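Biologist: I am new to this structure and would like a close look at a single part, the place where helices and a small sheet pack together. Please begin with how the elements are named, and then take me through their contacts one after another.

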Amino acid sequence: MVAVLIVVVTVALLMVAGLIALRLAMHAPRGYTGPDLGPYELALLAAGRFRVLNTALASLAADRRVRIPPTGILTLTGATSTGPAHPVKDMEPVEAEVLGLLEGRRDGLPVWEIKAALVQGAAVTALIARLEELGLVVAGDDSRQVVPTRAGQAALAHYRLRHREGRSLPPRSRDHVTVDASNLFGVALYGLGQVVDRELATVLSMSGVLPSSGPARAGRS
């Protein structure tokens, strides 16, 4: 009798466990099975347009292609080669737009002005169009608002898990970049808190709008 009772209880527990697992599987977000995404696509998914620009500026600073002093005035350095070895067309489009904006400006430009000029620029707009085509985002009524779809959220969760577990991430499509890929993906996924140089992170957190009498707070992602 006891043996029969044990069998019945065991079967009941297995059935309950199976039902729970089935329910979780039905309601869990679908895993991401789309094409590889780079840091700029992920930045857009994670926090929108300003995260894309912050990621690009952090990458350019790490590669020493731009100089970003505590004043927040960006200038080009001698490492921003646009010759045959590293033509602008082979750079990430967002980075190329930043460098193009600085070209010929010996006195440089402030961080906020670069963000204001490029936040709705061609490179960011093209990123949005690509992710919309993949079904990963939808653009809101506000032209600056980009909302991840359920598939986009799954992609973001997938890459955050890979980043946390230290798995290899897709290589950047431009092989001349020397910045540590994992760190760049960290900035894209989690923001300026991943920038090791805290002074640089503070400067990059400057707003993408004209500063008023108080400290600007937009565009810090």
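Modeller: Helices (H or I, at least four residues) and strands (E, at least two) are DSSP runs, numbered from the N terminus. Read from that end, the protein chain runs α-α-α-β-β-α-β-α-α-β-β-α-α-α, with 9 helices and 5 strands. The model is a predicted one, in which local features need pLDDT of at least 70 and side-chain atom pairs count only at pLDDT 80 or more, while totals for chains, interfaces and linings use all residues. Residues are numbered from 1 along each chain as its sequence is written, and side-chain values use heavy atoms, leaving out hydrogens and water.

Let us start with helix H3 (residues 49–62), taking its partner H4 (residues 93–102) before the sheet. The axes of H3 and H4 come within 9 Å and cross at roughly 70 degrees, where axes are lines fitted to C-alpha atoms, for helices over the stretch in contact, and angles run from 0 to 180 degrees between N-to-C directions. H3 and H4 are therefore roughly perpendicular to each other (under 35 degrees counts as roughly parallel, over 145 as roughly antiparallel, 65 to 115 as roughly perpendicular and the rest as oblique). In this contact (heavy atoms within 4.5 Å), Val52, Leu53, Ala56, Leu57, Ser59 and Leu60 of H3 face Val94, Glu95, Val98 and Leu99 of H4. These residues divide into 8 nonpolar, 1 polar and 1 charged (Ala, Val, Leu, Ile, Met, Phe, Trp, Tyr, Cys and Pro count as nonpolar, Asp, Glu, Lys and Arg as charged, and the others, Gly among them, as polar).

H3 also meets helix H5 (residues 111–118), their axes coming within 10 Å and crossing at roughly 130 degrees, and H3 and H5 are therefore oblique to each other. Phe50, Leu53, Asn54 and Leu57 of H3 and Val111, Ile114, Lys115 and Leu118 of H5 make the contact, which by class holds 6 nonpolar, 1 polar and 1 charged residue. Leu53 and Leu57 thus belong to the contact with H4 and also to the contact with H5.

The sheet comes next. Its 3 strands form an open sheet in the order S1-S2-S3, with antiparallel pairing (two strands pair if DSSP finds at least two bridges between them). Strand S1 (66–67) and strand S3 (109–110) stand at the edges with a single partner strand each, so one side of each is left without a neighbour in the sheet. S1 pairs with strand S2 (residues 73–76) over 2 bridges in the antiparallel sense, and Val66 has Leu76 in S2 as its bridge partner. Helix H4 packs on this sheet, where H4 touches S1, S2 and S3 and its direction makes about 90 degrees with that of S2. H4 is thus in contact with the sheet as well as with H3.

One further helix pair completes the view. Helix H2 (residues 39–47) and helix H6 (residues 122–133) have axes that come within 10 Å and cross at roughly 80 degrees, which makes H2 roughly perpendicular to H6. Here Tyr40, Glu41, Leu44 and Leu45 in H2 meet Leu127, Ile128, Arg130 and Leu131 in H6, and the contact has 6 nonpolar, no polar and 2 charged residues.
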